[in-house]
Amino acid sequence: MNRRTIIAANWKMNGDLDLVEKMSASLNQVKLGNNVDVVVCPSSPYLTVMANKLIHKNIYLGAQNVSEQASGAFTGEVSTTMLKEFSVKYVIVGHSERRSIYKESSVLVAHKVKTVLNAGLTPILCIGESAAERTAEHTETVLAAQLQPVIDEIGIEKFNEVVIAYEPVWAIGTGKTASPDMAQATHHFIRQFLASNDAKIASKVPLLYGGSVNAKNSEALFAQADIDGGLLGGASLKVDEFTLICSTTKGSL
Ligand code: PGA
């Protein structure tokens, strides 16, 4: 089963107008492999500017978060309708920093996934275990507990329109990348878990790996059978490195 390869950039609360300018200029020139899409997720204030600058047909704009509400008295929140006005196509949902720092539960994350899908946008649903959970051999239980509320909320058929990013929390921003074998084994578990609900749908869901991906390790990680690209933090802020990763990633076709 050939799936599209996705390289997604999560800038987190980093970057400025200068980076928007330089990254867009660099990415607009990039020659992507067949079947490769790139998604750039700057902070909300930069979405408009970036939308006007990115002109590559396979490079899309993404948001890092969204409200589960449609509109109203929710100070500080941003809705899917607003994101759509600025050409956003993807939304990162349930990043581990949202889960741990902002206490987003898996149930809230599931509501957000539904809201994003209802708006016709594509959620990049993040899941992942902590170091303590891996050491205690609870990884699979934790991932299943993060996925199940989403399956309950939207139904397995809707995973046709979902991208999943597996990001072990211990690998995020630490330089401790999961080895390609370890990442593949976990991705395989995730796909099997989805397949226990619907094998055909499971075979089509893009599964991205995230956690200290860089230009040195991306090729080996993305070459794994169940790894369909990555969600990059630190490396996505470096124009040359991110452009290199995008241009050297081979699609699966
Ligand atoms: P990192 O972040 O690449 O800096 O580890 C990845 C992420 O948090 O999405």
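A residue is called buried if its relative accessible area is under 20%, exposed if over 50%, and partly exposed in between, using a 1.4 Å probe and the protein chains only. Lysine 103, with a relative accessible area of 66%, is therefore exposed. The model is predicted, so its local features need pLDDT of at least 70 and side-chain atom pairs count only at pLDDT 80 or more, while totals for chains, interfaces and linings use all residues. Residues are numbered from 1 along each chain as its sequence is written, and side-chain values use heavy atoms, with hydrogens and water left out.

**Figure 1. The whole protein chain.** The secondary structure of the protein chain comes to eleven helices and eight strands. Helices (H or I, at least four residues) and strands (E, at least two) are DSSP runs, numbered from the N terminus. Along the principal axes, the C-alpha atoms fill a box of roughly 45 × 45 × 35 Å. The radius of gyration of the protein chain is 17 Å, which agrees with the value near 18 Å for a compact globule of 253 residues. This radius is taken over C-alpha atoms, and the globule rule is 2.2 Å times the number of residues to the power 0.38. Of the 253 residues in the protein chain, 53% are buried.

**Figure 2. The ligand and the residues around it.** There are 13 residues around the ligand, and Lys12, His95, Glu167, Gly173 and Ser212 come nearest. A residue is near a molecule or strand if one of its heavy atoms lies within 4 Å of it. The shell divides into four nonpolar, seven polar and two charged residues. In this grouping Ala, Val, Leu, Ile, Met, Phe, Trp, Tyr, Cys and Pro count as nonpolar, Asp, Glu, Lys and Arg as charged, and the others, Gly among them, as polar.

**Figure 3. Polar contacts of the ligand.** A polar contact is a pair of N or O atoms within 3.5 Å; within protein, one must be able to donate a hydrogen and the other to accept it, and residues adjacent in sequence count only if both atoms are side-chain atoms. An N or O atom in the side chain of lysine 12 is 2.7 Å from an oxygen atom of the ligand. For histidine 95, a side-chain N or O atom is also found 2.7 Å from a ligand oxygen. In glutamate 167, a polar side-chain atom lies 2.7 Å from an oxygen atom of the ligand. Taken alone the ligand exposes 280 Å², and the protein buries 95% of that. Accessible areas come from the Shrake-Rupley method with a 1.4 Å probe, and for residues only the protein chains shown count as cover.

**Figure 4. Two lysines with positive phi.** Lysine 12 is not a glycine, yet its phi is positive, at about 55°. Lysine 12 sits in the loop between strand 1 (5-10) and helix 1 (17-28). Lysine 103 has a positive phi near 55° and is likewise a residue other than glycine. Its place is the loop between helix 4 (96-101) and helix 5 (106-118).

**Figure 5. Cysteines without a disulfide.** A disulfide is a covalent bond between the sulfur atoms of two cysteines. Here it is counted as a pair of cysteine sulfur atoms within 2.5 Å. By this rule the count is zero disulfides. Cysteine 126 is in no disulfide, and the nearest cysteine sulfur, that of cysteine 41, is 9.2 Å away. Why is the sulfur of cysteine 246 too far for a bond? The closest cysteine sulfur, in cysteine 41, is 12 Å from that of cysteine 246. Cysteine 126 counts as buried because its relative accessibility is 2%, and cysteine 246 counts as buried at 0%.

**Figure 6. Side chains that reach the backbone.** Threonine 186 is found in helix 8 (residues 180-195). At 7% relative accessibility, threonine 186 counts as buried. The side chain of threonine 186 reaches the backbone oxygen of methionine 182 at 3.0 Å. Histidine 56 lies in the loop between helix 2 (47-53) and strand 3 (59-63). With a relative accessible area of 16%, histidine 56 is buried. A polar atom of the histidine 56 side chain lies 3.1 Å from the backbone nitrogen of asparagine 58.

**Figure 7. Two helix residues and their distances to other parts of the chain.** Aspartate 152 is in helix 7 (residues 139-154). Is aspartate 152 buried or exposed? Its relative accessible area is 58%, so aspartate 152 is exposed. The C-alpha atoms of aspartate 152 and methionine 13 are separated by 31 Å, and the two residues are 139 residues apart along the chain. Serine 218 belongs to helix 10 (residues 218-222) and counts as buried at 4% relative accessibility.
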